[in-house]
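I open a page for one protein model and its ligand. I want to note where selected residues sit and what lies around the ligand.

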Amino acid sequence: MSPPDWYKNAIFYEVYVRAFRDSHGDGHGDLQGLTQKLDYLKDLGVDCLWLMPIYPSPLKDDGYDIADYYGIHPDYGTLDDFKSLLKAAHARGIRIITDLVLNHTSDQHPWFQASRREKTSRYRDYYVWSDTDKKYSDARIIFVDTERSNWTWDSAAGQYYWHRFYSSQPDLNYDNPAVRAEMLNVMKFWLDLGVDGFRADAVPYLFEREGTNCENLAETHSYLKELRRYIDKHYPDRILLCEANQWPRDVRAYFGEDDEFHMAFHFPLMPRVFMSIRRGDSEPIHWALEQTPPIPPNSQWCTFLRNHDELTLEMVSEEDRQWMWKEYAPDPRMRLNLGIRRRLAPLLDNDQRKIELAYSLLFTLPGSPIIYYGDEIGMGDNISLHDRNGVRTPMQWDDSANAGFSEAKDIFAPVIDNSMFRLRDVNVASQKAKPNSLLQTIQKMIAVRKKHSALGYGYLTWHNLNTRAVAAYSRTHKKDRLFVLNNLSDSKQTVHMDVAGRSLTDILRNKIFPVTNDQLQIELEPYEYLWLETTK
Ligand code: GLC
């Protein structure tokens, strides 16, 4: 039995099922395909998968527009396939959380269809209707590239309906107790099947109140606490992971006092990792850590470098956003809404030193890390594909046609094979065979991280060194203490650090560094990172 706080020191992995492995030969990945690949994930050291939405959906927002909360999209298989996947994952000690989209449904959902057609339907009040499109005018528009308003006119209903995302995603009305009860039922259904929890999508927007920006409202928190109480009472080792793209002080509220979410994504840290690496300056990372308030004892951050969305720049200043766009999205097609639609490796110039450095930060800063599928082999992206599809292309397993993803003639999106990201190099099989490939290095980092409770549970002490080009900190948990050095710059850096002991060992490469008079002096190569432990 693993401890109830397993999530505090777990490696998460985000899977887009359509892109992972096609077992049916129809060009779309599916649940059986994912099941076939569990051993790969186990070897990598993954503890918990997060599956993007797998429900029936017209796919206007890749499944975040749900038409039936109780089924599986036919492209992905059946509920039985899902049960088999859970069983096979659990047998390997891998947990699975699924996406829980609370805020909105698809406009194709029968609730919405009934709601718009009949004023007397019991579903009328499942959505937010209004005679005017002037209400809640302080709420911002999130998909600024496509939506002009959060209200859309519906001729069948003769009213406007409210939506925070695409107009094909009407917001549910959480003031209606029936809606609140429906979502508890949805949770119960999947928890009874055995899922280990949920990544709760877009939670800040559940309620609307005039005169506010309709985000992070007290009513929203109180409903989310109700969901947590339900889980704690009936399913004590399952988790809720919060997607709230907000500043740390606002996200802090989503942990409650260990009575709301178990985990929350750390949005503000992520862009600052990229800023720090581009500027060769640890200050942005340090700033983000300083802005991060303490969280309750059973709560944990979920840290990430990239995910299925654009690299969001909502949590940076206007000036920094312009700078990030200039540096990381020089081609306007790389920009989307307030972000950058590129994958990790292309962002970091496909330079393995920089990619490893980013992972070194991910695996050693506080929080449980999540890896976005394909980023462990440094997959490229395809900016000619619409919306965020360019970062959702097929997983590359080998260098055969379709990259071992599918035997079909036509697949849902092309694999990435170009002069910078050659399929020959960017695939699982070839990186498994090649010592020091990105995949092998990440596997090693994960294995080493697992041996050190300091990296999962430890507190962080920031070390101000003689140079800001190196992010230096220690992580301490009980007797386990590690020093981490990350050279963010493209030049050599010599650092001096006060440390007690005779020598330090680099636990990734078993190299020993002598300490003289409690002073460590190390020369770091460009983008070099070291995880150091006092030599035993
Ligand atoms: C979340 C998802 C994103 C989706 C949006 C609307 O932000 O990550 O992919 O488009 O919610 O559901």
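Entry 1, the ligand. I began with the ligand and its surroundings. Of the 13 residues around it, I listed the ones that come nearest: Asp-61, His-104, Asp-201, Glu-243 and Asp-309. I kept in mind that this is a predicted model. I then sorted the shell around the ligand by class and found seven charged, three polar and three nonpolar residues.

Entry 2, contacts of the ligand. Which side chains have an N or O atom at a listed distance from an oxygen atom of the ligand? I wrote down three. For the side chain of Asp-61, the distance from an N or O atom to a ligand oxygen is 2.6 Å. For Asp-201, the corresponding side-chain distance is 2.8 Å. For Arg-388, a side-chain N or O atom is 3.0 Å from an oxygen atom of the ligand. The ligand on its own has 310 Å² of accessible area, and the protein covers 96% of it. I also looked up where the ligand sits, and the place is the largest cavity.

Entry 3, positive phi. Next I looked at two residues that are not glycines and yet have a positive phi. Leu-59 has a phi of about 60 degrees. I found Leu-59 in the loop that runs between β2 (48-51) and α4 (79-91). Is Leu-59 buried, exposed or partly exposed? Its relative accessibility is 31%, so Leu-59 counts as partly exposed.

Ala-403 has a phi of about 55 degrees and is not a glycine either. Its place is the loop between β14 (368-372) and α14 (428-433). Ala-403 counts as buried because its relative accessible area is 0%, and the cut-off for buried is under 20%.

Entry 4, helix α7. I looked up two residues in this helix. Ile-231 belongs to α7, which covers residues 218-234. Ile-231 has a relative accessible area of 0%, so I noted it as buried. Where does Lys-188 lie relative to Ile-231? The two are 43 residues apart along the chain, and their C-alpha atoms are separated by 8.7 Å.

Thr-220 is also in helix α7. Thr-220 has 0% relative accessibility and therefore counts as buried. I checked what its side chain reaches, and found the backbone nitrogen of Phe-207 at 3.4 Å.

Entry 5, helix α15. I went on to Gln-443, which is in α15 (residues 438-451). Gln-443 counts as partly exposed because its relative accessibility is 24%. I then compared chain separation with distance in space. Gln-443 and Asp-43 are 400 residues apart along the chain, with 7.7 Å between their C-alpha atoms.

Entry 6, one more loop. Tyr-166 is placed in the loop between β6 (159-162) and α6 (177-193). Is Tyr-166 buried or exposed? Its relative accessibility is 13%, so Tyr-166 counts as buried. I also noted its separation from Ile-141, which is 25 residues in sequence and 9.9 Å in space, C-alpha to C-alpha.

Entry 7, looking back. I reread the accessibility notes. Leu-59 is partly exposed, and Gln-443 is partly exposed. Ala-403 is buried, and Tyr-166 is buried at 13%. In helix α7, Ile-231 is buried and Thr-220 is buried. I end with the ligand, which sits in the largest cavity.

Conventions. Residues numbered from 1 in each chain as written. Predicted model: local features only at pLDDT ≥ 70, side-chain atom pairs only at ≥ 80, totals over all residues. Heavy atoms only, no water. Buried < 20%, exposed > 50% of the residue type's maximum accessible area, 1.4 Å probe, protein only. Near = heavy atom within 4 Å. Polar contact = N/O pair within 3.5 Å; in protein donor to acceptor, adjacent residues only side chain to side chain. Areas by Shrake-Rupley, 256 points an atom, 1.4 Å probe, with all protein chains shown as cover. 1 Å grid on protein atoms, 1.4 Å probe; cavity = no way out; pocket = protein on both sides within 12 Å on 5 of 7 lines; lining within 4 Å. Sits in = over half its atoms within 2 Å of the grid points. Nonpolar A, V, L, I, M, F, W, Y, C, P; charged D, E, K, R; others polar.
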